[in-house]
Amino acid sequence: MSGSASDTADTARVPGVPGADLLAALLDGMDAALCALDASGTVTHWNREAERILGWSAREAVGRRGFDGWAARTADAEETLARLLRAMTAPGRQVHEFALLRKDGGRVLVRTQTAGVRGADGQPAGVYCAFSEVHVQIDLERSLALSEALLADAAWGVVLVDVDLRPAVVNGYAARALGASRGSLLGRPLGELVTQGVEELEGALQHVLAAGSPPAPADMWVTLRGARGERRRCWRCGFVRLASPLAEEPEPVPLGVGWLFQDVTEARLAEQDADRLRFRWSQLHRAGAAAAECEDPLRAAAVLLDFALAGFADHVLVDHTAPGDRLVRALATPSGAPGPVAPVAAGGIPLRYAPAHPALQALARQGPTRASASPGTPRWATDRLWPTDTAHALCVPLRARARTVGVATFLRSPSRPAFEREDAEYAETVAARVAASLDAAAG
């Protein structure tokens, strides 16, 4: 590791020594600044990154003993050199921070990693020291720490997707959201995990690979396949295109996509419920105002139901009670395409409902009754005297002046979900107003 300013013009080029040019190129191509000192503390190597940080060239640095009078203040120089040389006998690498001097007189705080070098006889021969500006090192450590935190205990999912749209790295949150272990998700097509919504998700990933990161996060509804059956979830997704920081091309080839998401299903469902509730009560308010202008009570009931059906059901049937505890059709929507509620000229002929019909059950229990078709029952609706496209039903008794005056049946097609408890509560509110009109029409 010996050398002097006279025989080393730059980093490590020693004329006549095989491989000296290669060594010089390797040292000058390093991203970290590097210098080496022999056992006496004389600088033997100094690369271009060290020159960039401190301003001293290899010709000016190589051959000097220590840093006194050039790269360090006199008050600090001996202590700095002693700490570096102690690495010759210390195990492993030693990390230190020093305040060094630039050639222009400015001071710079550097972080060094120093390790000893032994000669052919096994005796300490010197040290080499790699160093960088502290703020650069801190930036690197922050980036690494951020990556580790995102891929460990982040409060949102992080998935690194390769250019083939397959997960390459998955954090714990994402694995739990996808319903599988982190290792089992790697390399699997997204279509094996997501049954509905995978086209939109893959389309977003392909767009990011081709055009770059989108300006804002997006909500995506997906259905997941897993041991617990299918689960419908809403994810708030953000995407970042990944490119190598080492690439020098103006348009580097992307390495993949960073996909970050958070499960916002509960919040979105709550928002939907609130919007639906506001709409329904707004419809009831409008229905009440419109029905009040109708002279005919039966027409008022039809108007009420027209407003109530919007966004709630596809069809409605209203049957009023006749002598002998029988039901006669009073109002209905068209059995084909949806249309306005209108009176039915039934001629007083009672409906031939089977004993277990949901409408009769609602009357017997004096409360709402829900029913849905089972798979493989094509005549389910027809047998109950409902339109053939019916898949879900909700029957509500009509009560006025402490007596039952009929039953209202709300029907949905297979494209709509089954009626839920909150739907029954809304239907009961509608039924109370319809019952008052039906009672008034009966005289």
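Trainee: Which residues are exposed on the other side of helix 4, away from its buried ones?

Mentor: Ala75 and Glu79 are exposed there. Buried means under 20% relative accessible area and exposed over 50%, with partly exposed in between, for a 1.4 Å probe and protein chains only. Helices (H or I, at least four residues) and strands (E, at least two) are DSSP runs, numbered from the N terminus. Please note that this is a predicted model, in which local features need pLDDT of at least 70, side-chain atom pairs count only at pLDDT 80 or more, and totals for chains, interfaces and linings use all residues. Residues are numbered from 1 along each chain as its sequence is written, and side-chain values use heavy atoms, with hydrogens and water left out.

Trainee: And which residues of helix 4 are buried?

Mentor: Ala77, Thr80, Leu81, Leu84 and Leu85 are the buried ones. These residues lie on the same side of helix 4 because they cover an arc of only 120° around the axis; the arc is that of the directions from the helix axis to the C-beta atoms.

Trainee: What do those buried residues pack against?

Mentor: They pack against strand 1 (33-38), strand 3 (94-101), strand 4 (107-118) and strand 5 (124-133). Contact here means heavy atoms within 4.5 Å.

Trainee: How far apart are the end C-alpha atoms of helix 4?

Mentor: They are 17 Å apart, which agrees with the 16 Å that the 12 residues of helix 4 (residues 74-85) should span at 1.5 Å a residue. The expected span is 1.5 Å times one less than the number of residues.

Trainee: How does helix 13 compare with its own expected span, and what follows this helix?

Mentor: The 22 residues of helix 13 should span 32 Å, and its end C-alpha atoms are 31 Å apart, which agrees. Helix 13 is followed by Gly443, whose phi is positive, near 100°.

Trainee: Which elements do the buried residues of helix 13 pack against?

Mentor: Helix 9, helix 10, strand 12, strand 13, strand 16 and strand 17. Among these buried residues of helix 13 are Ala431, Val434, Ala435 and Leu438.

Trainee: Turning to cores, how many residues does the largest nonpolar core have?

Mentor: It has 36 residues, and those with the most contacts inside it are Leu305, Leu398 and Phe410. A nonpolar core is a set of buried Ala, Val, Leu, Ile, Met, Phe, Trp, Tyr and Cys residues joined through side-chain atoms within 4.5 Å. Helix 10 gives the largest share of this core, 10 residues. In soluble globular proteins, nonpolar side chains tend to be buried together.

Trainee: What does Leu398 touch?

Mentor: Leaving aside neighbours within four places in sequence, the contacts of Leu398 include Val318, Val405, Val407, Ala431, Val434, Ala435 and Leu438. Apart from this core lies another, of 29 residues, among them Leu37, Leu54, Phe98 and Val108.

Trainee: Is His392 buried or exposed?

Mentor: His392, in strand 16 (residues 392-400), counts as buried because its relative accessibility is 13%. A polar atom of the His392 side chain lies 3.2 Å from the backbone oxygen of Arg416. A polar contact is a pair of N or O atoms within 3.5 Å; within protein, one must be able to donate a hydrogen and the other to accept it, and residues adjacent in sequence count only if both atoms are side-chain atoms.

Trainee: Which side chain does that of His45 join in a polar contact?

Mentor: That of Thr44, at 2.9 Å. His45 is in strand 2 (residues 43-46) and is buried, with a relative accessible area of 19%.

Trainee: What is the phi of Leu165, and what is that of Arg401?

Mentor: Leu165 has a positive phi of about 65°, and Arg401 has a positive phi of about 50°; neither is a glycine. Most residues other than glycine have a negative phi. Leu165 is in the loop between strand 6 (157-161) and strand 7 (167-170) and counts as buried at 9% relative accessibility. Arg401 is in the loop between strand 16 and strand 17 and counts as exposed at 62%.

Trainee: Finally, where is the pLDDT below 50?

Mentor: For the protein, the mean pLDDT, the predictor's confidence in each residue from 0 to 100, is 86, and 91% of residues reach 70 or more. Over residues 1-18 the pLDDT is below 50, although this stretch has 41 contacts in the model beyond near neighbours in sequence. Where pLDDT is low, the predicted coordinates should not be read in detail.
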